[in-house]
Amino acid sequence: MKIYISCDMEGTSGVVSWDQCLKDRPEFERARYLLLGDVNAAVEGALAAGADEVIVADMHDGSLILPTEGLHPGAKYVVGVPHISPRFPYLEDSFDAMFLVAYHAMAETSPAVLAHTMSSEWFEYAVNGTPVGEVEIDAALAGAAGVPVTLVTGDQAVCAEARRFLGEIETVEVKQATDYARALCLAPMTSHQLIREAAERAAKIGKKVKRFGFGTPVEITVKMRDQRAVPRGDGKATFNPDPFTIGYRYKRFEEHYGGTWKGRK
Ligand SMILES: [Zn+2]
């Protein structure tokens, strides 16, 4: 059994603020260890289910977030920022399932801790007219690679979003958001126990969970808060439906993120 884990940061147990998620902020160093606890719990669950290979991709804000010295020895880690490779190196159909740990809800969700899609400058990210968030983007990339997402952890908003798009998968609500930067949080030790148990179940249901994907061909539209930041389309592969929005057209969604690892050039 092979499990691929992608970790973000905003959905970590006990994390509610950008003061914890940005590299130059005072609480960042402590928050990295909170994230490490959630990720290690997911690795432990996968191993308990019988996984013989676990890969973790450290994906938040330029990577290099997980403190190296505390990494669980039972996994390997993709660290750093890609220049030409696909978003998820090594992810291909030999993996049984993908977990999305410490994720957050899509832009404009409320109440939801630090809700956004890819950038706080983006008002809405839509695929074929449907607004989606990072859970759906990454689940579609996993689906294109032949892998279902079977576990999402974060606040109640991202867990509800994940179940709405991905169906009956495992979710762990490590906090109940009451606002954009406030939540009723479980103690990390409690979250870790729940994540460990859910990850063990999630590792075993890969064969039963449908792979997520968007209809083809795809139109991606990104509406930004400031129209001066919007690139001009060429009218073919890219277009501007309105002054605040850049659109992209592809045969398949994954082309926007460098394709799949198996199909890389
Ligand atoms: Zn992030």
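Which strands does helix H5 (residues 188-204) lie across? The legends below take this up view by view.

**View 1. Helix H5 lies across four strands of the predicted model: E1 (2-7), E4 (97-101), E7 and E8.** Helix H5 runs at about 155° to E8, with axes fitted to C-alpha atoms, for helices over the stretch in contact, and angles from 0 to 180 degrees between N-to-C directions. Helices (H or I, at least four residues) and strands (E, at least two) are DSSP runs, numbered from the N terminus. Residues are numbered from 1 along each chain as its sequence is written. Because this is a predicted model, local features need pLDDT of at least 70 and side-chain atom pairs count only at pLDDT 80 or more, while totals for chains, interfaces and linings use all residues.

**View 2. An open sheet of 7 strands follows the order E3-E2-E1-E4-E7-E8-E9, with mixed pairing.** E3 (76-78) and E9 (183-185) are the edge strands, each with a single partner, so one side of each has no neighbour in the sheet. Neighbouring strands are turned by 25° against each other on average, direction ignored.

**View 3. Strands E2 (residues 53-58) and E3 run parallel, joined by 3 bridges.** Two strands pair if DSSP finds at least two bridges between them. Look for Ile 55, whose bridge partner in E3 is Lys 76.

**View 4. Helix H4 (residues 156-166) packs on the sheet, touching E7 (149-155) and E8 (170-177).** Its direction makes about 155° with that of E7. Contact here puts two C-beta atoms, placed from the backbone, within 7 Å.
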